[in-house]
Amino acid sequence: MTTLNNTITSAFGGDAKQDTGQYPTPPIPPFDKGGAGGVTAYQVPREWFVNVAKVMKTADARLVAEWATDESPFGRGFGIYACYAKDSEYLIVKTYTPLEDPAFPSLTKKFVSAYRFERQMKSLMGVVPVGHPDLRPWIKHEDWPEDAYPLRKTFDASKPMPRVKGEYPFIKAEGEGVYEIPVGPVHAGIIEPGHFRFQAVGEDIINLEERLGYVHKGIEKRFETLSWKEGARLAGRVSGDSTVAHSLAYCRAVEATSPFIPLHEGDRGRLPERAEWLRALMLERERIANHLGDLGGICNDVAFAFLLYQFSILKEKLLRTNHKIFGHRFMMDRIIPGGVTVDISKDAKEEILAEMDWLTNEFERLVTIYDENPSLEDRVRDAGILTPEKAKELGVVGFVARASGQNIDCRIQNPFPPYNIIVPKITVLQSGDVHARAWVRIEEIRESIRIVRAILYGLPDGDITVKFNPPSPDKAGFAVVEGWRGEIVYWIHSGALGEINRCMVRDPSSVNWIALEQSIHGNIVPDFPLCNKSFNQSYSGNDL
Amino acid sequence: MLRILHQIFRTGIVTEPLPSAVEAEIEGTGARLEEAVRRRFCRSLTIRQVDAGSCNGCELEIHAINNPIYNCERFGIHFTASPRFADMLLVTGPVSRNMEIALRRTYNATPAPKLVVAVGDCGYNGGIFGENYASLGGVGKIIPVDVYIHGCPPTPAAILRGILRAVEK
């Protein structure tokens, strides 16, 4: 698939220079089916950055991420990056701005998802998206000093910042009977913190504005002080519920910068197959456990506590098996650059297979109860609708996208072994309501159980690690992994000494949060917790 | 409806007696916890959980102590939506700069005498996030902490044990 490549070269010819230097290898060697999995990078003059976006929009591409780097150690000013995707193709477009004039043309009017990316770039790197309609800070709260740009190399991150006076102007609604409900950052349940500002008339919600950033821990800056190996531990804690997916995406990005040294004659010089398959095994187990938890949570939010407790029993059993076999209930720190830290025995294999039989049996019984309950159906159908048109426009990913008619899953579009052999069956629904988001999860649990079984039947023998070489200076690596929430993107860049110069993290939540705002109009305030749970986006993964 | 009743009878009571759910060395934790809650809190210990910057890992395990297998409610432990009703704050960290004020306000809104339990390695010293412009480190740097529960994240059994340590203090 080279649609985007062709589009950019035919529109800009030689002015769009392909950047091969920074990307030593395609992230994974081409597969039999069409060589999916690579990323191509182009460099364009600054004023063309938005023209490329225009062309990409016409080519029906999706804006995956937009970010900035401080490349002053290489004497290049700030790097501005945009990543686009269409089908199995990912394309990175970059441009540079000089340090003394840190501005670039905004893409927000072309792609809605650029809206928060660019506010964040402005807030944390101090690069100005010219033409952006709303430059209120994002993640950066009102009491930060205005000139604090933590991602710049000149910023001393080790010191606490002073608090200054400031106010965050929320969007207002006025009129007879309109009132505001501020919620958070500390919420009523056992969940992460964030602020929601509702404008309502009676029970009907007119508008919702999210304000996040409360759990900003300086993760991206923290990466720059860690070794490549420690980075995997930090990636595993970007969003604790997606620890496998995040550490996997990080490791794949790191591995992409640095080809493995073949250990002996005939060595493929790449990750052992067994390691890849074990990674996928953990990824699917993480998906099942989280989806089970969410289904219980959705039922609980319509006061059907019975299914909450039933689903949470299934989840707990899975976590205990994880603890027994992988040594950690969430399988944290089991994926490292160059492989995995834990192998499974023949007995463990049998145990997981038996567990999957048990799970199928128990799960299907609960699904029947879910499906047959009219009072449950009455609440979940037609609540929190995200239409397929909006989903496409917002560029959402993961089960949120698949519940709203978008056929995106990077296990299909950007597969790594074993997904090139064990191809997941993707469920796409059109209604985009709470029910659709729940039902997509049900189908994904069924499919993941099948994949887990297939992995165990076909698990290749061999090593589980290979010697990993840290990247040489000024190399970039890119990877996408389909976590249970959706597409997780990592882009890393090595510095002059081969250290981490920049690690860009894009959790699915960074694009999906805004879809919650867009799906809530016209719903009633008491349905908000239900709608929110059906999205269940990460605060920590968004705030970094 | 019949299916629901059938499933309820099939499932029975899955709640485990605590000693079998956790290591042998804390045998009796359940009984001691129940006794302490009964004696010191008139049979009901009410907890307000505050995520002050966690990655959500600790929250998953705090959820788990509410599931039918650990079933913390049998010891009289109950999670509340408001700090005004709380006897104990269960705080996860590291405390982010953007949550510092909210955490202090929650602490001040909790009536004295109050217990504070910090959950997880990050709640202890900031964990892998350490201390920087955005992360202020452990919970103890912001509010007084009675008990720390280590682990990344601590298991549900470890969290119950930590709560016991706090109420026995």
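Let's start with a small sheet in chain A: three strands in the order 8-9-10, open, with antiparallel pairing. Keep in mind as you look around that this is a predicted model. Strand 8 and strand 10 (204–211) of chain A sit at the edges of the sheet, so to speak, and each of them pairs on one side only. From one strand to the next, the twist averages 20°. Strands of a sheet pair through backbone hydrogen bonds, and they can do that in a parallel or an antiparallel way. Zoom in on strand 8 and strand 9 of chain A, and you'll find that they pair in the antiparallel sense over 6 bridges. To see one pairing residue by residue, find A:P182, whose bridge partner in strand 9 of chain A is A:R197.

Now step off the end of strand 8. The loop between strand 8 (178–183) and strand 9 (195–201) of chain A holds A:P185. The peptide bond leading from A:G184 into A:P185 is cis, with omega near 15°. That's worth a pause, because most peptide bonds are trans. Chain B has a cis peptide bond to show you as well: one joins B:C152 and B:P153, with omega about -15°. You'll find B:P153 in a loop too, between strand 5 (147–149) and helix 7 (156–168) of chain B.

Backbone angles have another curiosity in store. Most residues other than glycine have a negative phi. Back in chain A, though, A:M331 has a positive phi, near 60°, and it isn't a glycine. A:D333 is another non-glycine residue with a positive phi, again near 60°. Where should you look for A:M331? Go to the loop between helix 8 and strand 11 (335–336) of chain A. A:D333 is placed in the loop between helix 8 and strand 11 of chain A.

Are these two residues buried or exposed? A:M331 is buried, because 26 other C-beta atoms lie within 10 Å of its own, and 20 or more is enough to count as buried. A:D333 has 17 C-beta neighbours inside 10 Å, so it counts as partly exposed.

Let's zoom out to the layout of chain A. The chain is divided into domain 1 (3–130) and domain 2 (264–505). Their C-alpha centres lie 28 Å apart. The two domains touch, with 26 residues from domain 1 of chain A and 22 residues from domain 2 of chain A taking part in the contact. On the domain 1 side, strand 3 (62–70) and strand 5 (89–97) of chain A are the elements that give two or more residues. Strand 3 of chain A makes the largest contribution to that side, with 6 residues. What kinds of residues make up the domain 1 side? By class, there are 18 nonpolar, 5 polar and 3 charged residues.

Finally, look at how the two chains meet. Here 45 residues of chain A are in contact with 40 residues of chain B. On the chain A side, helix 4 (219–223), helix 5 (228–235), helix 8 (305–326) and helix 9 (346–372) each supply at least two residues. Which element gives the largest share of that side? It's helix 8 of chain A, with 6 residues. Sorted by class, the side of chain A that touches chain B has 20 nonpolar, 13 polar and 12 charged residues.

Definitions and conventions: Residues are numbered from 1 along each chain as its sequence is written. Chains are lettered from A and ligands numbered from 1 in the order in which they are written. This is a predicted model: local features need pLDDT of at least 70, side-chain atom pairs count only at pLDDT 80 or more; totals for chains, interfaces and linings use all residues. Two residues are in contact if their C-beta atoms, placed from the backbone, lie within 7 Å. Helices (H or I, at least four residues) and strands (E, at least two) are DSSP runs, numbered from the N terminus. Ala, Val, Leu, Ile, Met, Phe, Trp, Tyr, Cys and Pro count as nonpolar, Asp, Glu, Lys and Arg as charged, and the others, Gly among them, as polar. A residue is buried if 20 or more other C-beta atoms lie within 10 Å of its own, exposed if 12 or fewer, and partly exposed in between; C-beta atoms are placed from the backbone. Two strands pair if DSSP finds at least two bridges between them. Axes are lines fitted to C-alpha atoms, for helices over the stretch in contact, and angles run from 0 to 180 degrees between N-to-C directions. Domain bounds come from an automatic or database domain assignment.
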